[in-house]
Amino acid sequence: MSNRIYEAFDNIKASPSMKETTKQFLAEKRERKPTRRFRPVYRGALAAACMALVLTAGVFGYSWIQTPVSYVSIDVNPSLELALNRFDKVVSAAAYNEEGEEILQGLSLEGKAYTEAIDEVIESEIMEQYLTKEAELVFTVAAEGSREEELKAGVESCSNQISHSSEHVSADLGSVTEAHEHGISLGKYNAYLQLQQYDSAVTVEECKHMSINEIHGLMHAHERGECQENGSHGQGGGGHGQGHHHGTYESP
């Protein structure tokens with residue numbers, strides 16, 4: 001095709017310089033490749049797609065970080081529970097009685113390492129009022145695999161900083177949902193499951209309004225044979241028990 005164009009120029013009556021200039025112009029024009037340009041509508045669509053991708057990644061990342069994967073329950077008479085993410089940071093702190101609510105009102109725990117949050121709870125002035133000589137302080141940990149032992153080690157380190165004795169208990173992670181459905185902390189629910197092994201008539205609602213000391217007192221009374229065989233239950237004394245199935249107790 002290009003040869004025919006050049007042959008046609010040879011038959012045109014024009015000056016040699018004009019012919020040569022015209023041929024050069026056509027050759028240059030043929031060699032130029034058209035540049036594709038995005039129309040504004042395409043550019044807008046591309047920008048919107050990129051923005052949507054960034055937002056989706058951000059939402060997913062935030063959700064991933066904020067998802068609780070383990071729990072630490074702190075029970076005396078105040079009943080508190082810390083929900084932790086994959087980095088052992090507190091994503092939420094919940095109170096399961098009025099005493100617990102009173103403590104949390106003066107604290108800001110979300111986003112803090114769980115050990116720091118525990119220190120703030122047990123060192124608060126309000127909590128100190130409940131850490132009497134007779135009161136039990138129980139930490140209940142629920143987590144998957146090796147995380148459980150690591151969290152318990154951190155809890156034990158925190159509890160060693162105070163003069164009050166404490167117990168460190170392991171609970172099934174699956175029982176967390178059951179506890180929350182009943183409006184009770186993981187620690188108290190775990191103690192209730194232990195008490196049920198001795199007294200099937202006891203209800204979770206009854207345990208909900210007891211201190212952890214009272215629940216354990218009933219268990220120890222059953223162990224000593226001080227409760228009636230028909231399953232009745234009443235106020236029990238204090239004390240520390242070991243070897244119950246639904247929680248592994250460790251002496252400080």
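**A walk from a tyrosine pair to a five-strand sheet**

Let us start with the rings: the count comes to 1 aromatic pair in this structure, which is a predicted model. The partners are Tyr-189 and Tyr-192, with ring centres 5.7 Å apart and planes at 40 degrees to each other, which makes the pair tilted. The label follows because planes under 30 degrees apart would count as stacked and those over 60 as edge-to-face, with the rest called tilted. If you find helix H9 in the view, you will see that both Tyr-189 and Tyr-192 belong to it, 3 residues apart, or about one turn of the helix. That spacing is worth a moment's thought: an α-helix has 3.6 residues a turn, so residues three or four places apart point the same way.

Are these two tyrosines buried or exposed? Tyr-189 has a relative accessibility of 6% and counts as buried. Tyr-192, with a relative accessible area of 10%, is buried as well. Their helix shares this character: of the 11 residues in H9, which spans residues 186-196, 10 are buried, so the helix is largely enclosed by the rest of the structure. The buried residues include Leu-186, Ala-191, Leu-193 and Leu-195, but also Lys-188, Asn-190 and Gln-194.

From the helix, move on to the sheet. Here 5 strands make up an open sheet with mixed pairing, and they are ordered E3-E2-E1-E4-E5. At its edges stand E3 and strand E5 (167-170), each with a single partner strand, so one side of each is left without a neighbour in the sheet. From one strand to the next, the twist averages 20 degrees.

Strand E1 (residues 70-75) makes a good place to look more carefully. E1 runs antiparallel to E2, and 6 bridges join the two. E1 also pairs with strand E4 (residues 138-142), again in the antiparallel sense, over 5 bridges. As a general reminder, strands of a sheet pair through backbone hydrogen bonds, either parallel or antiparallel.

Tyr-71 is a handy landmark for both pairings. Opposite Tyr-71 in E2 stands Ala-83, while in E4 its bridge partner is Ala-142. Further along E1, Asp-75 stands opposite Ser-79 in E2. E1 and E2 together form a hairpin, with 3 residues between the two strands.

How many of the residues of E1 are buried? The count is 6 of the 6, so E1 is largely enclosed by the rest of the structure. Both of its faces are covered: on one side Ser-70, Val-72 and Ile-74 are buried, and on the other Tyr-71, Ser-73 and Asp-75 are too.

Now follow the chain to the loop between strand E2 (79-84) and strand E3 (90-95), where Phe-87 lies. At 48% relative accessibility, Phe-87 counts as partly exposed. Together with Trp-64 and Ile-65, Phe-87 makes a nonpolar surface patch of about 300 Å².

This loop also leads us to the charged residues. Side chains of opposite charge can pair when their charged atoms come close. In this model the count comes to 3 salt bridges. One of them joins Asp-88 to Arg-147, with the closest N and O atoms 2.2 Å apart. This pair links distant parts of the chain, since Asp-88 sits in the loop between E2 and E3 and Arg-147 in helix H7 (residues 146-159), 59 residues apart. Asp-88 has a relative accessible area of 17% and is buried, whereas Arg-147, at 25% relative accessibility, counts as partly exposed. The labels fall on either side of a cut-off, because buried means under 20% relative accessible area.

Arg-147 has a further partner in Glu-150, where the closest N and O atoms are 1.8 Å apart. Glu-150 and Arg-147 both lie in helix H7, 3 residues apart, about one turn of the helix. Glu-150 is partly exposed, with a relative accessible area of 44%. Which residues does the resulting network of salt bridges link? Asp-88, Arg-147 and Glu-150 are its members.

There is also a salt bridge between Glu-120 and Lys-112, whose closest N and O atoms are 2.6 Å apart. Glu-120 has a relative accessible area of 22% and is partly exposed, and Lys-112, at 23% relative accessibility, counts as partly exposed.

Methods:
Residues are numbered from 1 along each chain as its sequence is written. This is a predicted model: local features need pLDDT of at least 70, side-chain atom pairs count only at pLDDT 80 or more; totals for chains, interfaces and linings use all residues. Side-chain values use heavy atoms; hydrogens and water are left out. Buried means under 20% relative accessible area, exposed over 50%, partly exposed in between (1.4 Å probe, protein chains only). Helices (H or I, at least four residues) and strands (E, at least two) are DSSP runs, numbered from the N terminus. Patches are made of residues with over 30% relative accessible area and no salt bridge: like charges are joined within 9 Å, nonpolar side chains (Val, Leu, Ile, Met, Phe, Trp, Tyr) within 5 Å. Accessible areas come from the Shrake-Rupley method with a 1.4 Å probe; for residues, only the protein chains shown count as cover. A salt bridge is a side-chain nitrogen of Lys or Arg within 4 Å of a carboxyl oxygen of Asp or Glu. Rings of Phe, Tyr and Trp (its six-membered ring) pair if their centres lie within 6.5 Å; planes under 30 degrees apart count as stacked, over 60 as edge-to-face and the rest as tilted. Two strands pair if DSSP finds at least two bridges between them. Axes are lines fitted to C-alpha atoms, for helices over the stretch in contact, and angles run from 0 to 180 degrees between N-to-C directions.
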